[in-house]
Amino acid sequence: MLKKRKIGKVLKMVSRVIPVAPFDLVIFGGTGDLARRKILPGLFRRYCAGQIGNQTHIIGAARNGMDSAEYQEFVRKAIAEFDDDEGCDMGKLDDFLGLMSYVTLDARGDTGWNTLAGMLTSDRIRAFYFSVGPGLFGDLATRLHKHDMARSDSRIVVEKPFGRDLQSARALNKVLAEHFDETQIYRIDHYLGKETVQNLMAVRFGNMLFEPLWNSQYVDHIQITVAESVGVGTRGGYYDKSGAMRDMVQNHLMQLLCLIAMEPPAKFDPDAVRDEKLKVIRALDPVEMDEIVRGQYQGDATHPSYRDQVEDHESTTETFVALRAHISNWRWSGTPFYLRTGKRLRTRASEIAVVFKDAPHSIFEEDDRHHSNILTIRLQPNEGIELGVTIKEPGPGGMRLIDVPLDMTFAEALGPDKADFPDAYERLIMDVIRGNQTLFMRGDEVEAAWAWTDPIIAQWQESEAAPLGYASGSSGPDDALMLMHRDGRRWREIKP
Ligand code: NAD
């Protein structure tokens with residue numbers, strides 16, 4: 001299998017880089033983990049690719065006391081540590097660092113704000129990336145307004161989590177709306193920036209082949225799996241207040257579900273796409289308690305248990321969720337959607353599998369097995385799309401049938417390599433600058449997703465039942481397997 005970098009190298013060969021106009025980007029939380037690991041290396045890669053020009057100004061803003069020269073050294077180290085792109089010319093790093101400034105600033109006080117206002121250029125796109133804890137999103141919006149930096153063409157980028165329930169998401173939407181129009185708010189779900197996720201739309205709506213079959217008449221069920229092999233690590237403090245339902249299902253898995261299930265939008269424009277996604281969320285039935293399984297990983301000789309990694313050693317926060325969802329509309333009535341996500345599972349693997357129904361009748365007497373076509377969209381690793389088809393087993397032994405994959409791994413389809421595969425953050429930040437909101441969540445979408453999630457969490461809290469333990473490196477609790485076995489189906493293996 002080809003690695004991510006290699007796949008990327010292919011894509012660059014076929015994609016044109018269209019430079020964006022010079023812009024000012026302020027990264028609130030510019031010294032944080034996300035900035036170091038994703039935002040800054042991503043910006044450097046876009047600079048290397050020629051998409052960001054030398055007129056651009058990138059300003060780190062955080063509480064840490066440092067000057068611009070020190071920040072440039074900070075960025076240099078972050079890129080050395082987290083940029084794994086061999087295609088990037090490191091000779092360009094000094095030029096890139098020349099685009100960087102820094103301001104010490106307190107989101108909750110008045111320090112630094114006038115300095116920041118003085119650093120911005122008056123006649124260009126300005127974007128403010130809220131890469132800070134969610135408790136500060138409202139403060140930042142308010143202070144940007146107070147210090148006259150919120151113009152009608154300013155954009156704000158808001159990180160996850162967007163609220164922890166419907167009420168808090170509504171409150172956050174309200175405070176942002178006081179200072180920014182919805183067209184200026186870019187709520188990030190980095191899953192939407194993944195190349196394969198966008199390809200999912202291309203495959204569905206760019207081909208005649210799939211769409212006629214894309215309904216409950218032909219699709220038996222759909223599985224969405226986002227499996228992580230790591231545990232909570234140092235994020236235990238945050239995670240224990242959140243859990244897999246809030247951290248993964250409400251946002252990432254929900255977004256994937258929407259893209260798989262939505263009706264074709266009339267055009268590929270932000271509101272047309274998001275209108276269709278919203279209709280899917282609103283058509284979701286409430287989940288019954290016997291349709292959902294929550295788990296928590298246990299420890300073994302080499303790995304600590306979840307409870308060992310968080311402060312509350314009696315914690316009942318789930319690190320695994322599997323559920324069966326139903327979409328009550330004409331297209332999907334009768335086709336269940338099985339969603340599964342968890343930490344410390346067998347391997348890191350994310351995929352969507354569209355499992356078609358068996359052929360209604362077999363004409364081959366020698367063959368008594370079931371054969372169903374499966375369209376698999378792999379998000380990680382080895383992004384690509386695979387279609388399982390049934391063919392005759394080669395040889396003279398009669399009409400014996402076997403299932404083989406028609407592999408559409410991008411690298412293989414597009415030819416050998418040479419460049420870089422844009423990380424989701426790279427793509428999304430450039431969309432912000434271009435003013436394209438298609439791959440960002442709209443406020444009403446987020447609220448609808450919470451409205452569906454909240455009753456599930458409320459029922460768990462009422463029942464006070466602890467999540468089921470599962471072994472590190474497994475596929476989750478056995479009850480999750482039973483969830484599908486009861487329906488005469490089974491999960492696809494979680495494999496690299
Ligand atoms: P972090 O704790 O590593 O960094 C927080 C940043 O905010 C620091 O730069 C800090 O100086 C700054 N900050 C804190 N209080 C401030 C204040 N009062 N005024 C000004 N600046 C202040 O956090 P992180 O991991 O970088 O996460 C940032 C945001 O991104 C969070 O909303 C998080 O949920 C989200 N996020 C992070 C990741 C990740 O991988 N780290 C992934 C997805 C989403």
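The second largest pocket of this predicted model holds about 1100 Å³ of space. Its lining runs to 37 residues, and Val 355, Ile 374, Arg 490, Arg 492 and Glu 493 sit nearest the pocket centre. Strands do a good deal of the lining here: E7 (219-227), E11 (349-356), E12 (374-380), E13 (384-392) and E14 (401-407) are the elements that each give two or more residues. Of these, E11 chips in the most, with 5 residues. Sorted by class, the lining comes out at 12 nonpolar, 12 polar and 13 charged residues.

As for the overall layout, the protein splits into domain 1, covering 23-159, and domain 2, made up of 192-422 plus 442-485. Going by C-alpha atoms, the centres of domain 1 and domain 2 are 34 Å apart.

Then there is the ligand. A shell of 21 residues surrounds the ligand, with Thr 31, Asp 33, Arg 37, Ala 107 and Val 132 the closest. Helix H2 (residues 33-48) is the top contributor to that shell, giving 3 residues. The class tally for the shell reads 9 nonpolar, 6 polar and 6 charged.

Oxygen atoms of the ligand also pair up with polar atoms of the protein. On the backbone side, a polar atom of Gly 32 lies 3.1 Å from a ligand oxygen, and a backbone N or O atom of Gly 29 is 3.5 Å from an oxygen of the ligand. Asn 64 joins in through its side chain, placing a polar atom 3.1 Å from a ligand oxygen. On its own the ligand would expose 830 Å², and the protein buries 77% of that area.

Methods
Residues are numbered from 1 along each chain as its sequence is written. This is a predicted model: local features need pLDDT of at least 70, side-chain atom pairs count only at pLDDT 80 or more; totals for chains, interfaces and linings use all residues. Side-chain values use heavy atoms; hydrogens and water are left out. Domain bounds come from an automatic or database domain assignment. A residue is near a molecule or strand if one of its heavy atoms lies within 4 Å of it. A polar contact is a pair of N or O atoms within 3.5 Å; within protein, one must be able to donate a hydrogen and the other to accept it, and residues adjacent in sequence count only if both atoms are side-chain atoms. Accessible areas come from the Shrake-Rupley method with a 1.4 Å probe; for residues, only the protein chains shown count as cover. Helices (H or I, at least four residues) and strands (E, at least two) are DSSP runs, numbered from the N terminus. Ala, Val, Leu, Ile, Met, Phe, Trp, Tyr, Cys and Pro count as nonpolar, Asp, Glu, Lys and Arg as charged, and the others, Gly among them, as polar. On a 1 Å grid over the protein atoms alone, a cavity is a set of points where a 1.4 Å probe fits but cannot get out, and a pocket is an open set with protein on both sides within 12 Å along at least five of seven lines; lining residues have an atom within 4 Å of a point. Grid points are joined across faces, edges and corners, and a volume is the space filled by probe spheres set on the points.
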